[in-house]
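This report describes the fold of one protein chain, its strand pairing, its nonpolar core and a few individual residues.

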Amino acid sequence: MKNFIKIAPIVVALTLLSCKKEQTADQLVIEEPTTQVAEPNIDSQEDMIKEAKSKPLTNIVLSEAQFDFGKINKGDKKEHTYEITNMGENPLIISQVKPGCGCTVPDYTKEPILPGKKGQITLKFDSAGFDGLVNKQAEVYANVEKAPIIIGFSADIQP
């Protein structure tokens, strides 16, 4: 028993020291890692307009600039295609379609649209994060005088 009393403080001290070391190791594992998010390499609106207008300008006609999905259920995924016709004398080049938020994903004709020909711009919308009336827009950067061209849609999202 006497030996136990003499050894007990040493065992307690070693346990505390070893716990402290383990605790430090645990803290390194438990702490949230610090990750740096790289800034996206996005051109300014001015740069996008300059690039679009650097090509010979042309004229366009849109089938419509605004579309109404009407009443849709929350969580529905909808899409609408806008037809764009090159009415000018130079090829129409759509350099970028930039939606107003992450709920809308664009797809568009990437190759030059020859004079008199048609291209398409499709906006795909995910209504999961919305309720009630919504209006969304996208900016279309192309080699036209009044770039960006604004297209959009609305929807009445039902719960």
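## Strand pairing around β7

In this predicted model, strands β4 and β7 pair in the antiparallel sense, and five bridges link them. Within β7, Val140 is the residue that stands opposite Val97.

On to the pairing with β8: β7 and β8 also run antiparallel, joined by nine bridges. The connection between β7 and β8 is a hairpin of six residues. One of the bridges places Lys136 against its partner Phe153 in β8.

## The four-strand sheet

β1, β3, β6 and β5, in that order, form an open sheet with antiparallel pairing. The edges are taken by β1 (60-62) and β5; each has a single partner strand, so one side of each is left without a neighbour in the sheet. On average, and with direction ignored, neighbouring strands of this sheet are turned by 20° against each other.

The pairing of β5 with β6 is antiparallel and consists of five bridges. Among the bridged residues are Thr104 and its partner Phe125 in β6.

## Thr104

Thr104 lies in strand β5, which covers residues 104-108. Its relative accessible area is 4%. Because that value is under 20%, Thr104 counts as buried.

Neighbours within four places in sequence aside, Thr104 is in contact with Pro99, Leu123, Lys124, Phe125, Lys136 and Phe153. Of these contacts, Phe125 is also the bridge partner of Thr104, while Lys136 and Phe153 are bridge partners of each other.

## The nonpolar core

The largest nonpolar core holds 24 residues, and the members that touch the most others are Ile94, Val97, Ile121, Leu123, Phe125, Val140 and Ile151. At least two core residues come from each of β2 (66-73), β3 (77-86), β4 (94-99), β6 (118-126), β7 (132-142) and β8 (149-158). The strand that gives the most is β8, with five residues.

Two of the members named above, Val97 and Val140, stand opposite each other in the β4 and β7 pairing. Another member, Leu123, has a list of contacts beyond four places in sequence that includes Lys78, Glu79, His80, Tyr82, Val97 and Thr104. The same list continues with Val105, Pro106, Ala138, Ile151 and Phe153. Val97 and Ile151, both among the members that touch the most others, are thus also found among the contacts of Leu123.

## Asn73

Asn73 is found in strand β2. With a relative accessible area of 46%, Asn73 is partly exposed, whereas Thr104 is buried.

Asn73 and Pro159 are 86 residues apart in sequence, yet their C-alpha atoms are 6.2 Å apart in space. Beyond four places in sequence, the contacts of Asn73 are Ser127, Ile157 and Gln158.

## The chain as a whole

The protein chain has two helices and eight strands. Along the sequence, the pattern is α-α-β-β-β-β-β-β-β-β.

Of the 159 residues in the protein chain, 26% are buried. The exposed area is about 11,000 Å², with 55% of it supplied by carbon and sulfur atoms. Where contacts join residues at least 6 apart in sequence, 67% of them are between residues at least 24 apart.

Definitions and conventions: Residues numbered from 1 in each chain as written. Predicted model: local features only at pLDDT ≥ 70, side-chain atom pairs only at ≥ 80, totals over all residues. Heavy atoms only, no water. Core = buried A, V, L, I, M, F, W, Y, C linked by side-chain atoms within 4.5 Å. Buried < 20%, exposed > 50% of the residue type's maximum accessible area, 1.4 Å probe, protein only. Contact = heavy atoms within 4.5 Å. Areas by Shrake-Rupley, 256 points an atom, 1.4 Å probe, with all protein chains shown as cover. Pairing = 2+ DSSP bridges. Axes fitted to C-alpha atoms, helices over the stretch in contact; angles between N-to-C directions.
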